[in-house]
Amino acid sequence: MAKIKIFRGDTFSGTITLRTVDVIDSTKLNTYVIPAGAQIDLKFPGSSGTVVLSTTTPGEITILNADKGTLQYKGSSAKSAMLNLGDTQPIDLIVTELSGDITTFEKLKILQVLDRANQ
């Protein structure tokens, strides 16, 4: 997977397709069906705490295809300005179902945050 590159102070967006490791054959990935009504939070490392995009904030996370586990995210320039500068940072995606069950996805060493002035 290619790195996610974000410039602080710019709006940023992308698409994510969620997958889980098969319980029988760990070399295979299965489609993760996003449960109806689930809250999704996408967490980025921030310079003074975690920066969160959420389905509870209109326009930040949109489910494109729940059956295929595909969603789109969009962060404001104000949120990108709060991101931690650096390379090979992790991002976390938390799915909280209406029942309260939580599924966490983590991708390590995927995020690169830069200042545009230095580019």
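**Figure 1. Pairing of strand 5 with strand 9 in the predicted model.** Strand 5 and strand 9 run antiparallel to each other and are joined by five bridges, as seen in this predicted model. Within this pairing, D41 has I94 of strand 9 as its bridge partner. Both strands belong to an open sheet of five strands, whose order is 1-10-9-5-6 and whose pairing is mixed. The edges of the sheet are formed by strand 1 (4-8) and strand 6 (49-54), each of which pairs on one side only. Averaged over the sheet and with direction ignored, neighbouring strands are turned by 35° against each other.

**Figure 2. The hairpin of strand 9 and strand 10.** Strand 9 (residues 86-96) and strand 10 (residues 102-115) run antiparallel and are connected by eight bridges. Two of the facing positions may be picked out in this view: G86 stands opposite V113 of strand 10, and V95 stands opposite T103 of strand 10. The two strands form a hairpin with five residues between them, and in the turn G100 adopts a positive phi of about 100°.

**Figure 3. Positive phi values at T88 and K109.** Most residues other than glycine have a negative phi. T88, which is placed in strand 9, departs from this pattern with a positive phi near 55°. K109, whose place is in strand 10, likewise has a positive phi, of about 55°, although it is not a glycine. As for their surroundings, T88 is partly exposed, with a relative accessible area of 39%, whereas K109 is exposed, with a relative accessible area of 61%.

**Figure 4. The aromatic pair of F12 and Y73.** Searching the whole structure yields four aromatic pairs. In the pair shown here, the ring centres of F12 and Y73 lie 6.4 Å apart and the ring planes meet at 55°, so the pair is classed as tilted. The pair links distant parts of the chain, since F12 belongs to strand 2 (residues 12-17) and Y73 to strand 8 (residues 70-75), with their positions 61 residues apart in the numbering. Both members count as buried, F12 at 6% relative accessibility and Y73 at 4%. F12 and Y73 also form one aromatic cluster together with F44.

**Figure 5. The aromatic pair of Y32 and F105.** The rings of Y32 and F105 have their centres 5.0 Å apart, and their planes stand at 75°, an angle that makes the pair edge-to-face. Y32 lies in the loop between strand 4 (29-31) and strand 5 (39-46), while F105 lies in strand 10, so the contact ties together parts that are 73 residues apart in sequence. Y32 counts as buried, at 10% relative accessibility, and F105 is buried as well, with a relative accessible area of 13%.

**Figure 6. A charged side chain over the ring of F7.** In this view R116 lies over the face of F7, at 3.9 Å from the ring centre.

Key:
Residues numbered from 1 in each chain as written. Predicted model: local features only at pLDDT ≥ 70, side-chain atom pairs only at ≥ 80, totals over all residues. Heavy atoms only, no water. Pairing = 2+ DSSP bridges. Helix = DSSP H or I, 4+ residues; strand = E, 2+ residues; numbered from the N terminus. Axes fitted to C-alpha atoms, helices over the stretch in contact; angles between N-to-C directions. Phe/Tyr/Trp six-rings, centres within 6.5 Å; stacked < 30°, edge-to-face > 60°. Buried < 20%, exposed > 50% of the residue type's maximum accessible area, 1.4 Å probe, protein only. Lys NZ or Arg CZ within 6 Å of the ring centre and 35° of its normal.
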